[in-house]
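These notes are meant for a colleague opening this structure for the first time. Please read the points below with the sequence and the 3D view side by side.

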Amino acid sequence: MSVSHLAAEPESVSFTDLSRNPKGVAARAAALGHLRVTHRDAPDMVLTTAVRAEHAEENLTTASRLFLALMKQDDGAKSLLLALPEVFPWVRHLDAEEVRAFTVELLGALSDAAELGAGEVVHRTIVSWRATARVNADPDQLRESRRPLDGDDLGPVEVPA
């Protein structure tokens, strides 16, 4: 069984290693807390214990609820808004209204991830707002994004009920 160690990433084994030595790989994952399983033809997976996964979910729920409670207090909301540039340096390219909107959307996404298991919404929120900041940071892109669409009628937009 080959195991590689990268400082910033969890140790990993191949899917073949897992299929050839499941007990050894499971023991390694339990000892480390988590182990990346790489797969040539599919996305990588992470092998962990149920208890560790439950603790991670509990931590996310606690943090999400704490941040939502802070947003309901003026001082807490102000502190979160002031801390945001340390976590996401690119927010300096968002105006004050956009920073507030990002904060509210991010906290809602964190709540959805914690309460509904919808973790992809957090990633999508961050990626979307980072793209907005990227456009705002480039005067040419910003100008292009604000220009009219030259009268192109793209047809009606259907909104699902």
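1. In this predicted model, a hairpin of six residues joins strand 3 to strand 4. The two strands, covering residues 34-38 and residues 45-48, run antiparallel and are joined by four bridges. One residue that can be followed across this pairing is R36, whose bridge partner in strand 4 is V46.

2. Which residues of strand 3 point to one face and are buried? They are L35 and V37, while H34, R36 and T38 point to the other face and are not buried. In general, the side chains of a regular strand alternate between the two faces of the sheet. L35 also belongs to a core of five residues, among them V13, V25 and A29.

3. Apart from that core lies the largest nonpolar core, which has 19 residues. The residues with the most contacts inside the largest core are F88, W90, V91, L94, F102, L106 and V122. Helix 4, helix 5 and helix 6 (120-137) each supply at least two residues of this core, and helix 5 gives the most, with seven residues.

4. The structure holds four aromatic pairs, and two of them can be described through W90. In general, such a pair is described by the distance of the ring centres and the angle of the planes. F88 and W90 form a tilted pair, at 5.4 Å centre to centre and with 55° between the planes. The rings of W90 and F102 have their centres 5.3 Å apart and their planes at 50°, and because an angle that is neither under 30 degrees nor over 60 counts as tilted, this pair is tilted as well.

5. The pair of W90 and F102 links distant parts of the chain, for W90 sits in the loop between helix 4 (74-87) and helix 5 (96-116), whereas F102 is in helix 5, 12 residues apart from W90. F88, W90, F102 and W129 form one aromatic cluster.

6. Are F88, W90 and F102 buried or exposed? Since buried means under 20% relative accessible area, F88 counts as buried at 13%, W90 is buried at 14%, and F102 is buried with a relative accessible area of 0%. Leaving out residues up to four places away in sequence, F102 touches L84, F88, W90, V91, L94, T125, I126 and W129.

7. L84, one of the residues that F102 touches, has its place in helix 4. At 8% relative accessibility, L84 counts as buried. Again not counting residues up to four places away in sequence, L84 touches V91, V99, F102 and T103. As a longer reference across the model, L84 and L142 are 58 residues apart in sequence and 23 Å apart in space, C-alpha to C-alpha.

8. Which residues line the largest pocket? The lining consists of F67, L80, A83, L84, V87, F88, T103, L106, L107 and L110, and the volume of this pocket is about 170 Å³. Helix 4 and helix 5 each supply at least two residues of the lining. F88 and L106, which are part of this lining, are also among the residues with the most contacts inside the largest nonpolar core.

Conventions:
Residues are numbered from 1 along each chain as its sequence is written. This is a predicted model: local features need pLDDT of at least 70, side-chain atom pairs count only at pLDDT 80 or more; totals for chains, interfaces and linings use all residues. Side-chain values use heavy atoms; hydrogens and water are left out. Rings of Phe, Tyr and Trp (its six-membered ring) pair if their centres lie within 6.5 Å; planes under 30 degrees apart count as stacked, over 60 as edge-to-face and the rest as tilted. Buried means under 20% relative accessible area, exposed over 50%, partly exposed in between (1.4 Å probe, protein chains only). A nonpolar core is a set of buried Ala, Val, Leu, Ile, Met, Phe, Trp, Tyr and Cys residues joined through side-chain atoms within 4.5 Å. Contact means heavy atoms within 4.5 Å. Two strands pair if DSSP finds at least two bridges between them. On a 1 Å grid over the protein atoms alone, a cavity is a set of points where a 1.4 Å probe fits but cannot get out, and a pocket is an open set with protein on both sides within 12 Å along at least five of seven lines; lining residues have an atom within 4 Å of a point. Grid points are joined across faces, edges and corners, and a volume is the space filled by probe spheres set on the points.
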